[in-house]
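Subject: Structure handover

Hello,

Here is the structure I said I would pass on. My notes follow it.

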Amino acid sequence: MIVECWKQLDAESVGRRELEVISSVLGETFGASPSPAIIARTLADQGVPLAHPDILNSDTTWREQQLRQIVPGDLETIDGAFAAMENLQSAMHSMRASDIDRFRFQVGQVQGELVLFANSQIGSARARAVAGEMGAWLTVWLQNPAVFDEWLTLRRNSPEFIQKFS
């Protein structure tokens with residue numbers, strides 16, 4: 001479907017506009033759309049030329065939006081990360097049972113993004129540390145949400161955490 005959408009655009013290459021249109025069509029058809037990077041990779045595999053800066057910018061914007069939808073809040077500070085986790089847990093508790101698996105999948109994607117960011121050279125050292133910490137929290141949350149609150153309390157009182165984020 002990605003290739004068919006692109007062909008209908010009658011474009012010479014794939015850039016921001018083409019990605020937005022294809023993503024919109026996929027979203028309307030399937031209820032969700034893959035990342036711009038996945039769309040671009042699919043088209044590149046078919047020999048379609050890519051406008052790389054547009055692809056990178058679109059994908060970065062998309063990933064930030066995904067993160068903010070799943071884990072709203074200020075992720076630059078540890079207090080913001082705590083608030084984001086509270087928002088995430090509230091969202092999970094108010095969700096219909098039929099939506100939980102999709103939500104957990106999205107949280108898993110966010111967890112992966114946080115770990116990637118934490119291990120990158122992008123952003124401040126403090127923001128990377130917060131991202132790494134929250135990535136670890138989400139790992140525990142995904143494995144066993146029932147024990148998460150107690151685990152987080154223990155983590156928050158650990159000497160390592162206090163030294164790192166005091």
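I begin with a single residue: threonine 77 has a relative accessible area of 34%, so it counts as partly exposed. Please keep in mind throughout that this is a predicted model. Threonine 77 sits in the loop that links helix H4 (52–70) to helix H5 (78–93). Its C-alpha atom is 21 Å from that of glutamate 150, a residue 73 positions away along the chain.

The chain as a whole

The chain contains 9 helices and 0 strands. Read from the N terminus, the order of elements is α-α-α-α-α-α-α-α-α. Along the principal axes, the C-alpha atoms occupy a box of roughly 60 × 40 × 20 Å. Of the 166 residues, 37% are buried. The exposed area of the chain is about 9800 Å², and 53% of it comes from carbon and sulfur atoms. Taking contacts between residues at least 6 apart in sequence, 58% are between residues at least 24 apart.

Helix packing

I looked at three helix pairs. Two packed helices are described by the angle between their axes and the distance between the axes, and I give both for each pair.

H5 with H8. Helix H8 covers residues 148–156, and its axis comes within 13 Å of the H5 axis, with a crossing angle of roughly 175°. Angles over 145 degrees count as roughly antiparallel, and H5 and H8 are therefore roughly antiparallel to each other. On the H5 side the contact involves Asp79, Phe82, Met85 and Gln89, and on the H8 side Phe148, Asp149, Leu152 and Arg156. Sorted by class, this contact holds 4 nonpolar, 1 polar and 3 charged residues.

H5 with H6. Helix H6 spans residues 97–118, and H5 packs against it at about 160° with the axes 10 Å apart. The crossing of H5 and H6 is right-handed. Because of that angle, H5 and H6 are also roughly antiparallel to each other. Leu88, Ala91 and Met92 of H5 touch Ile100, Phe103, Arg104 and Val107 of H6. The residues in this contact are 6 nonpolar, no polar and 1 charged.

H1 with H3. How are these two helices oriented to each other, parallel or perpendicular? Helix H3 runs over residues 36–44, and its axis lies 9 Å from that of H1, at an angle of about 80°. Angles of 65 to 115 degrees count as roughly perpendicular, so H1 and H3 are roughly perpendicular to each other. Ile2, Val3 and Trp6 from H1 meet Ile39, Thr42 and Leu43 from H3. By class, the residues of this contact are 5 nonpolar, 1 polar and no charged.

A backbone point to check by eye

Most residues other than glycine have a negative phi. Aspartate 10 has a positive phi, near 55°, and is not a glycine. Aspartate 10 is part of the loop between helix H1 (2–9) and helix H2 (16–30). Is this residue buried or exposed? The cut-off for exposed is over 50%, and with a relative accessibility of 70%, aspartate 10 therefore counts as exposed.

To recap the two loop residues: threonine 77 is partly exposed, whereas aspartate 10 is exposed.

Regards

Conventions. Residues numbered from 1 in each chain as written. Predicted model: local features only at pLDDT ≥ 70, side-chain atom pairs only at ≥ 80, totals over all residues. Heavy atoms only, no water. Helix = DSSP H or I, 4+ residues; strand = E, 2+ residues; numbered from the N terminus. Buried < 20%, exposed > 50% of the residue type's maximum accessible area, 1.4 Å probe, protein only. Axes fitted to C-alpha atoms, helices over the stretch in contact; angles between N-to-C directions. Parallel < 35°, antiparallel > 145°, perpendicular 65-115°, else oblique. Contact = heavy atoms within 4.5 Å. Nonpolar A, V, L, I, M, F, W, Y, C, P; charged D, E, K, R; others polar. Left-handed = near helix turned anticlockwise from the far one by under 90°. Areas by Shrake-Rupley, 256 points an atom, 1.4 Å probe, with all protein chains shown as cover.
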